[in-house]
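Welcome, and thanks for taking a look at this one. Here is a short briefing to read alongside the model.

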Amino acid sequence: MKLDHITSRDNPALVRLRKLTAEAGGYRKTGSVWVEGDHLLRAALLRGWTPALVVLTEAAMQAPELARLAEAAPRALVVPTPLFKGLSGLESPAQIGAELTLPASPAIDAQAASVVLDRLQDAGNVGAILRSAAAFGVRQVLALKGTAALWSPKVLRAGQGAHFGLRLVEGLAADDLAALAVPMIATSSHTEHVLHRVALPSPCAWVMGHEGQGVSPALMARCALTVGIPQPGGEESLNVAAAAAICLYESHRQQR
């Protein structure tokens, strides 16, 4: 590992990283992504990812467990805390972060159990759904155009490391989903099928729609089944991330 102590904010690597973190979809231009905090870095390492670069504060370099994380990269930059804050999107910045090189966008796996995100715009919802997908053994997430950038800092934080175990494909059009060979299922309040009373196909692709508009008519027309989630409390609808967790759990429960 090459270790450099940096004190200038004009260091080319820091300038490049600041540009990368300045916009949610910056990774689409550079092919790399900034992950902040030891939790996300550990999650990536456990899944076999190797960081291209680690940046850590002078204080973090004195913490053995954080210094060991830095050794996973071919190069590490040790910086004063104020310089690290310039890279951070957190009110209380972490002490360590890493740049990861993203693989080329994979093709859709036609047979994989999947989650389809239809124009979900809230980064917290998207990250929470990725986390639920990973927890319940769904390994492919397909995001249509208009969905929050999957590798944005906010989605990464909400995903809590789920990204590194998922097959993520984004920027899709509804017609691209013709490549899926598994049936698609959407939730609806206008259906006679109740989630826990219907035999769910396995594998399948759960379609989660826009927070306000729901699943688009074009995508709904592609679904083989719609199901309703009982809400005895009388609320109009569930948060989309909560609905996704319930549906993915029921799929998992029926498979068992």
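The notes below go from overall form to salt bridges and then to two buried strand residues.

This is a predicted model, so please read every value as computed from it. The protein has 256 residues, and its radius of gyration of 20 Å agrees with the value near 18 Å that a compact globule of this length would have. Its secondary structure amounts to ten helices and eleven strands.

**Overall form**

- The C-alpha trace spans about 65 × 35 × 30 Å along the principal axes of the protein.
- Buried residues account for 49% of the 256 residues.
- Of the contacts with a separation of 6 or more, 76% are between residues 24 or more positions apart.

**Surface and charge**

- The accessible surface of the protein is about 12300 Å², and carbon and sulfur atoms contribute 51% of it.
- The protein carries 23 positive and 21 negative charges, and the mean positions of the two sets lie 4 Å apart.

**Salt bridges**

- Side chains of opposite charge can pair when their charged atoms come close.
- How many salt bridges does the count come to? There are eight, and three of them are described here, beginning with Arg16 and Glu99.
- Arg16 and Glu99 form a salt bridge in which the closest N and O atoms are 2.6 Å apart. Arg16 belongs to helix H1 (residues 12-21) and Glu99 to strand E5 (residues 96-101), so this pair ties together parts that are 83 residues apart in sequence.
- Is each partner of that pair buried or partly exposed? Arg16 is partly exposed, because its relative accessible area is 38%, whereas Glu99 is buried at 7%.
- Glu170 pairs with Arg28 in a salt bridge, with 3.1 Å between the closest N and O atoms. Because Glu170 sits in strand E8 (residues 167-172) and Arg28 in helix H2 (residues 27-30), the pair links parts that are 142 residues apart in sequence.
- Glu170 is partly exposed at 22% relative accessibility, a value just outside the buried class, which means under 20%. Its partner Arg28 is exposed, with a relative accessible area of 53%.
- Lys29 and Glu23 also meet through their side chains in a salt bridge, at 3.0 Å from N to O. Lys29 is exposed, with a relative accessible area of 66%, while Glu23 is partly exposed at 37%.

**Asp118 in strand E6**

- Asp118 is found in strand E6, which covers residues 114-118.
- Is Asp118 buried or exposed? Asp118 is buried, because its relative accessibility is 2%.
- Beyond its neighbours within four places in sequence, Asp118 is in contact with Leu144, Thr147, Met208, Gly209, His210, Gly214, Val215, Ser216 and Leu219.

**Thr57 in strand E3**

- Thr57 has its place in strand E3, made up of residues 53-57.
- With a relative accessibility of 1%, Thr57 counts as buried.
- Which residues does Thr57 touch, not counting those up to four places away in sequence? They are Val78, Val79, Thr81, Phe84 and Gln95.

Technical notes:
Residues are numbered from 1 along each chain as its sequence is written. This is a predicted model: local features need pLDDT of at least 70, side-chain atom pairs count only at pLDDT 80 or more; totals for chains, interfaces and linings use all residues. Side-chain values use heavy atoms; hydrogens and water are left out. Helices (H or I, at least four residues) and strands (E, at least two) are DSSP runs, numbered from the N terminus. Buried means under 20% relative accessible area, exposed over 50%, partly exposed in between (1.4 Å probe, protein chains only). Contact means heavy atoms within 4.5 Å. A salt bridge is a side-chain nitrogen of Lys or Arg within 4 Å of a carboxyl oxygen of Asp or Glu. The radius of gyration is taken over C-alpha atoms; the globule rule is 2.2 Å times the number of residues to the power 0.38. Accessible areas come from the Shrake-Rupley method with a 1.4 Å probe; for residues, only the protein chains shown count as cover. Lys and Arg count as positive and Asp and Glu as negative; His and the chain ends are not counted. The place of a charge is taken as NZ of Lys, CZ of Arg, CG of Asp or CD of Glu.
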